[in-house]
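Hello,

Here is the structure I promised to pass on to you. Have a look at it below, and then read on for what turned up inside.

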Amino acid sequence: MRRSEINAILRRADDFIRSFGLALPPFAHWEPARFEAERDRIAGIVDARLGWDVTDYGRGDFSKIGLVLFTMRNGKADDLARGRGMLYAEKAMIVGRDQLGPMHRHDVKAEDIIVRGARDGARLALKLFAPAPDGSIDRTARVRVPCDGLVREVEPGGVITLSPGESITLMPGVWHAFWGEGGDVLVGEVSTVNDDETDNVFEDPLPRFPTIEEDEAPWRLLVGDYARLAEFA
């Protein structure tokens, strides 16, 4: 992805999130030089990979397959292994109209996907498959998932749609893809500790993070930029 494209996406995302009254943490609005200036204070942000994230999954067509995320809080895998401490994470996501989040599963993370807002009657659509014993997609088994405390069941590859205020709980192993139906959707995610480096298993092998062509200076840094802060000061 070109940095200019990412900058434009982030500006639209910031406006969209604000339009629903969701206030992001102050560092969401820092210019890149501020991160370098605060280097001695931001280990909690950098180590937990908090902040903006934009991906096109390496396909080069963000409007068709892609996602914008902002991670607001995230615990530690070591605490998760010990069973105590900060064992949770929270994200805000923008799922565009007909923009696919490709079929994938998580081996560790359980997640609640919550529709926080939408325009013009838009809904979040999720296509679901149960996992086979080896972790692959089971195309024969029905899928049972909790939705706001009530169990819903669909055929293999069945689609559940959610309106604002509704949610779905996806346990580790459940295969899912999603998109905005009828418009863009603001989604919240509350989950077990999040590890986007290792805990995303895609049906078709895809890179989780984009390759960036630096055609202009970044407007806001992505979590993938933190390893080279000095370059953006």
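Let me begin with a lining: that of the second largest cavity divides into seven nonpolar residues, no polar and no charged (Ala, Val, Leu, Ile, Met, Phe, Trp, Tyr, Cys and Pro count as nonpolar, Asp, Glu, Lys and Arg as charged, and the others, Gly among them, as polar). Those residues are Met93, Val95, Ile113, Leu124, Leu126, Phe178 and Val187. Strands E3 and E6 (123-131) each give two or more residues to this lining, and the cavity has a volume of about 40 Å³.

Some background before the rest: this is a predicted model, where local features need pLDDT of at least 70, side-chain atom pairs count only at pLDDT 80 or more, and totals for chains, interfaces and linings use all residues. Residues are numbered from 1 along each chain as its sequence is written, and side-chain values use heavy atoms, with hydrogens and water left out.

A cavity here is a set of points, on a 1 Å grid over the protein atoms alone, where a 1.4 Å probe fits but cannot get out; lining residues have an atom within 4 Å of a point. Volume is the space filled by probe spheres set on the points, which are joined across faces, edges and corners. Strands are DSSP runs of at least two residues (E), numbered from the N terminus.

The search of the whole structure finds two cavities of 30 Å³ or more. The largest holds about 150 Å³ of space. It is lined by 17 residues, and the closest to its centre are Tyr57, Leu67, His104, Phe178 and Asn200. This lining divides into seven nonpolar, four polar and six charged residues.

Asparagine 194 may also interest you. It is found in the loop between strand E13 (185-192) and strand E14 (201-202), and it is buried, with a relative accessible area of 10% (buried means under 20%, exposed over 50%, partly exposed in between, with a 1.4 Å probe and protein chains only). Its side chain makes polar contacts with the side chains of lysine 91, at 3.3 Å, and lysine 109, at 2.8 Å (a pair of N or O atoms within 3.5 Å; within protein, one must be able to donate a hydrogen and the other to accept it, and residues adjacent in sequence count only if both atoms are side-chain atoms).

Lastly, aspartate 98 has a positive phi of about 60° although it is not a glycine, and it is exposed, at 52% relative accessible area.

Best wishes

Notes:
On a 1 Å grid over the protein atoms alone, a cavity is a set of points where a 1.4 Å probe fits but cannot get out, and a pocket is an open set with protein on both sides within 12 Å along at least five of seven lines; lining residues have an atom within 4 Å of a point. Helices (H or I, at least four residues) and strands (E, at least two) are DSSP runs, numbered from the N terminus.
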